[in-house]
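I opened a new page today for a structure I had not looked at before. My plan is to start inside, work outward, and jot down what I find as I go.

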Amino acid sequence: EKMLGAGLKTVYNMFRMSGMDPGKEFKVGIEESDRIGATLVLGDRSQELTIKALRDALSLPDILRMITGGGSMQWDGVDPRLVERFKRVDWNDPESAVELLKTREAVRALTGQMRREFPKVASAMLDQRDDLMTDNLLNKCKGRTVAVVGMAHMDGIESKWRDAMGGDGGVTLIS
């Protein structure tokens, strides 16, 4: 667990060094909820529990595949223009990589790859948390609600919301 935590800290520090502010969207959400007097619901599970779930999901073969680059990216069903952008991006430049990942289509391609290559990791990092966040939105939020979630969670939360509420769930979903 300590290694996984250290790895996450390293990723966030790389983002900070390139001038990005990871978590800024959550800071803004807190400020806005204070400004308008809205109830703040922290709907995700703690980082410690997520790291524990990730540790439990990872096997030694998974870790070795991750270290060696995993399998090859599957591009079936992905817009060819997006495929070209993925192939041209400089993955050593965090700002360039993050810029590419600011679309739901790009995030879907990566989460789809994660689901194919590392299904248990996808369950720990995405599905379990989507379930929890949707449940918290449905049960802890009353009236008008603004939810700030990572883009990789939007499809799962929206789908689970529609399943629970029927139809469009009576909400406006913004990507």
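**Entry 1: the main core.** This is a predicted model, and I began with its nonpolar interior. The largest nonpolar core holds eight residues: Val 78, Leu 82, Val 83, Phe 86, Val 89, Leu 100, Ala 106 and Ala 109. I then looked up which helices feed this core, and found that H5 (80-88) and H7 (104-117) each supply at least two of its residues. H5 gives the most, with three residues. I also checked the neighbours of one core member: leaving aside residues up to four places away in sequence, Val 89 touches Ser 96, Ala 97 and Leu 100.

**Entry 2: the other core.** Apart from the core with Val 89 lies another one, of five residues. Among them I noted Met 133, Leu 137, Ile 157 and Trp 161.

**Entry 3: the overall build.** How many helices and strands does the protein have? I listed nine helices and zero strands. Read from the N terminus, the order of elements is therefore α-α-α-α-α-α-α-α-α, with helices taken as DSSP runs. Of the 175 residues, 29% count as buried. For contacts between residues at least 6 apart in sequence, I found that 63% join residues at least 24 apart. The exposed surface comes to about 11,900 Å², and carbon and sulfur atoms supply 56% of it.

**Entry 4: a nonpolar patch outside.** Next I went over the surface. Leu 60, Ile 63, Leu 64 and Ile 67 form a nonpolar patch there, with about 410 Å² of accessible area together. I placed Leu 60 in helix H4, residues 60-67. Is Leu 60 buried or exposed? Its relative accessibility is 59%, so Leu 60 counts as exposed.

**Entry 5: Asp 130 and its surroundings.** I picked out an acidic residue in helix H8 (residues 119-140), namely Asp 130. Asp 130 has a relative accessible area of 1%, so I wrote it down as buried. Not counting residues up to four places away in sequence, Asp 130 touches His 153, Gly 156, Ile 157 and Lys 160. I also took a distance: the C-alpha atoms of Asp 130 and Arg 45 are separated by 9.9 Å, with their positions 85 residues apart along the chain.

**Entry 6: Gln 47.** Gln 47 belongs to helix H3, residues 47-57. A relative accessible area of 44% makes Gln 47 partly exposed. Its C-alpha atom is separated by 8.5 Å from that of Gly 5, a residue 42 places away along the chain.

**Entry 7: salt bridges.** A reminder to myself before the count: side chains of opposite charge can pair when their charged atoms come close. The structure holds eleven salt bridges, and I looked up three of them.

- Asp 44 pairs with Arg 129, the closest N and O atoms being 2.5 Å apart. Asp 44 sits in the loop between helix H2 (24-36) and H3, while Arg 129 is in helix H8, so this pair ties together parts that are 85 residues apart in sequence. Asp 44 is partly exposed at 32% relative accessibility, whereas Arg 129 is buried at 15%.
- Asp 155 pairs with Arg 108, again with 2.5 Å between the closest N and O atoms. Asp 155 lies in helix H9 and Arg 108 in helix H7, so the pair links parts that are 47 residues apart in sequence. Both count as partly exposed, Asp 155 at 28% and Arg 108 at 43%.
- Lys 160 and Asp 131 meet at 3.0 Å, N to O. Lys 160 lies in helix H9 and Asp 131 in helix H8, so the bridge ties together parts that are 29 residues apart in sequence. Lys 160 is partly exposed at 27%, and Asp 131 is partly exposed at 41%.

**Entry 8: a network.** Which residues are joined into one network by salt bridges that share partners? I found Arg 104, Arg 108, Asp 155 and Glu 158. I followed up on Glu 158, which is in helix H9, residues 151-165. Its relative accessibility is 12%, so Glu 158 counts as buried. The side chains of Glu 158 and Arg 104 are joined by a polar contact of 3.0 Å.

Terms used. Residues numbered from 1 in each chain as written. Predicted model: local features only at pLDDT ≥ 70, side-chain atom pairs only at ≥ 80, totals over all residues. Heavy atoms only, no water. Core = buried A, V, L, I, M, F, W, Y, C linked by side-chain atoms within 4.5 Å. Buried < 20%, exposed > 50% of the residue type's maximum accessible area, 1.4 Å probe, protein only. Helix = DSSP H or I, 4+ residues; strand = E, 2+ residues; numbered from the N terminus. Contact = heavy atoms within 4.5 Å. Areas by Shrake-Rupley, 256 points an atom, 1.4 Å probe, with all protein chains shown as cover. Patch = residues over 30% accessible without salt bridge, like charges linked within 9 Å, V, L, I, M, F, W, Y side chains within 5 Å. Salt bridge = Lys/Arg side-chain N within 4 Å of Asp/Glu carboxyl O. Polar contact = N/O pair within 3.5 Å; in protein donor to acceptor, adjacent residues only side chain to side chain.
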